[in-house]
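Visitor: Before turning to anything else, I should like a close look at a single part of this model. Please choose one part, describe it in detail, and relate it to its surroundings.

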Amino acid sequence: MFHKLLITTLVIILFTVSPAFAEIQIKNLDTLPNKAIPENYILSPAQKDKYVQIKTVSAEVYHIQKIIPVLNDVDLTIYLVKKHAGIPETGLDDLYGYACDDLIYLFSYSDISDDLTRNVVAHEIGHVVRYYFIPQNSLNKYFKMRTKGENKEGYFNDPEELFAEDFVFLFGSESAKKIVYSPEYKPPGPAEKEWILGKINEDLSIPLFLVYLQSCTF
Ligand SMILES: [Zn+2]
C-alpha cells in the first residue's frame with residue numbers, strides 16, 4: 001500500500017513539475033463523446049480507406065516542429081477519428097478538423113489525400129498556436145496589419161481562420177501548401193513570419209488558453 005502511494009505521488013510530482021513530458025501525441029480514436037464536439041456535428045461511419053493516417057499526420061507535425069522548436073514543449077493531442085463529421089443543417093458533410101485549446105480532432109473524409117491531410121494538420125496546429133501564444137488583442141493587431149482595415153466577408157477572412165491559413169503558408173510543408181490558400185487577402189510574407197515567431201518565442205509561464213475561456217475553431 002505504502003509503495004503504491006509512493007509511486008503514485010512520484011508520478012504526480014513528475015507530471016506536474018517536468019516540462020520534459022510535454023509532447024505532441026497522435027492517437028487513433030474509433031469515435032468520440034458527443035460533448036467533445038458541437039451539438040450540430042453529426043458523426044457517421046467511414047470506410048477504412050478514408051481514415052486519416054498517423055504517418056501522414058506525424059510527417060507534418062515533424063516538419064513544423066523542426067521550424068518552430070518551441071513546439072516541442074507544447075502539450076497537444078491530435079486524435080484521428082474513424083468517422084465522418086458533418087453539420088447537416090448547413091449542408092457540410094465532410095468536415096476535416098476541429099481544434100479546441102490543446103486538442104485537435106481530425107475526421108475521416110471522402111476526398112482523402114496526403115496533401116490535404118497535411119494541409120489540415122498545419123491549419124489546425126495554427127489554431128492551437130493561436131490559443132497557446134497569441135492573446136485576442138494581439139490577434140486583432142495581426143488582423144489589422146494583414147487586412148489594412150479592409151473587412152472582407154467569408155469564412156476564411158475571419159481573424160482566426162486567416163491566422164491559421166497564414167500559419168500553413170508560412171510554416172507548412174510543401175505538400176500542405178499544394179492546397180490553395182483560402183483567404184481572399186494576399187498571402188503573408190516575411191513581416192508576418194517574424195511577428196508570429198516573435199509571439200511564439202515570448203517567454204510564457206503558462207499557455208494562454210488556460211487563462212481564457214475555451215477556444216474552439218473548425
Ligand atoms: Zn480553421
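Guide: The account that follows concerns the central sheet, then the helices connected with it.

Residue numbers start from 1 along each chain, in the order in which its sequence is written. The model is predicted, and for that reason local features need pLDDT of at least 70 and side-chain atom pairs count only at pLDDT 80 or more, whereas totals for chains, interfaces and linings use all residues.

The setting may be given briefly. The protein chain has six helices and seven strands; helices (H or I, at least four residues) and strands (E, at least two) are DSSP runs, numbered from the N terminus. Along the sequence these elements follow the pattern α-β-β-α-β-β-β-β-α-α-α-α-β. Of the contacts between residues at least 6 apart in sequence, 77% join residues at least 24 apart, a contact being a pair of residues whose C-beta atoms, placed from the backbone, lie within 7 Å. Buried residues account for 29% of the 218 residues in the protein chain. The term buried denotes 20 or more other C-beta atoms within 10 Å of a residue's own, exposed denotes 12 or fewer, and partly exposed lies in between, with C-beta atoms placed from the backbone.

The sheet itself is open and has five strands in the order S1-S3-S6-S5-S7, with mixed pairing; two strands pair if DSSP finds at least two bridges between them. Strand S1 (24-29) and strand S7 each have a single partner strand and stand at the edges, so one side of each is left without a neighbour in the sheet. Helix H2 packs on the sheet, where it touches S1, strand S3 (76-81) and S6, and its direction makes about 165° with that of S1. Axes here are lines fitted to C-alpha atoms, for helices over the stretch in contact, and angles run from 0 to 180 degrees between N-to-C directions.

Within the sheet, S3 and S6 pair in the parallel sense over five bridges, and Val-81 stands opposite Phe-107 in S6. Strand S6 (residues 103-107) is also joined by four bridges to strand S5 (residues 97-100), in an antiparallel arrangement. Here Ala-99 stands opposite Ile-104 in S6. The hairpin of S5 and S6 has two residues between the strands, and in it Asp-101 adopts a positive phi near 50°. As for cover, four of the five residues of S6 are buried.

S5 is joined to S7 as well, by two bridges, and these strands run antiparallel. Cys-100 has Cys-216 in S7 as its bridge partner. The C-alpha atom of Cys-100 is separated by 9.1 Å from that of Ile-37, although the two residues are 63 residues apart along the chain. Ile-37 lies in the loop between S1 and strand S2 (42-45). Apart from neighbours within four places in sequence, Ile-37 is in contact with Leu-32, Tyr-98 and Tyr-105. Because Ile-37 has 19 C-beta neighbours inside 10 Å, it counts as partly exposed.

S7 leads on to the helices. Strand S7 (216-217) is one of the elements against which the buried residues of H5 pack, the others being helix H2 (54-67), H3, H4 and helix H6 (190-200). Eleven of the 13 residues of H5 are buried, including Phe-163, Phe-167, Phe-169 and Phe-171. H3 is likewise mostly covered, with 17 of its 20 residues buried.

The axes of helix H4 (residues 136-147) and helix H5 (residues 159-171) come within 10 Å and cross at roughly 75°. H4 and H5 are therefore roughly perpendicular to each other: angles of 65 to 115 degrees count as such, under 35 as roughly parallel, over 145 as roughly antiparallel, and the rest as oblique. From H4, Leu-139, Asn-140, Tyr-142, Phe-143 and Arg-146 meet Pro-159, Leu-162 and Phe-163 in H5.

Conventions
Two residues are in contact if their C-beta atoms, placed from the backbone, lie within 7 Å.
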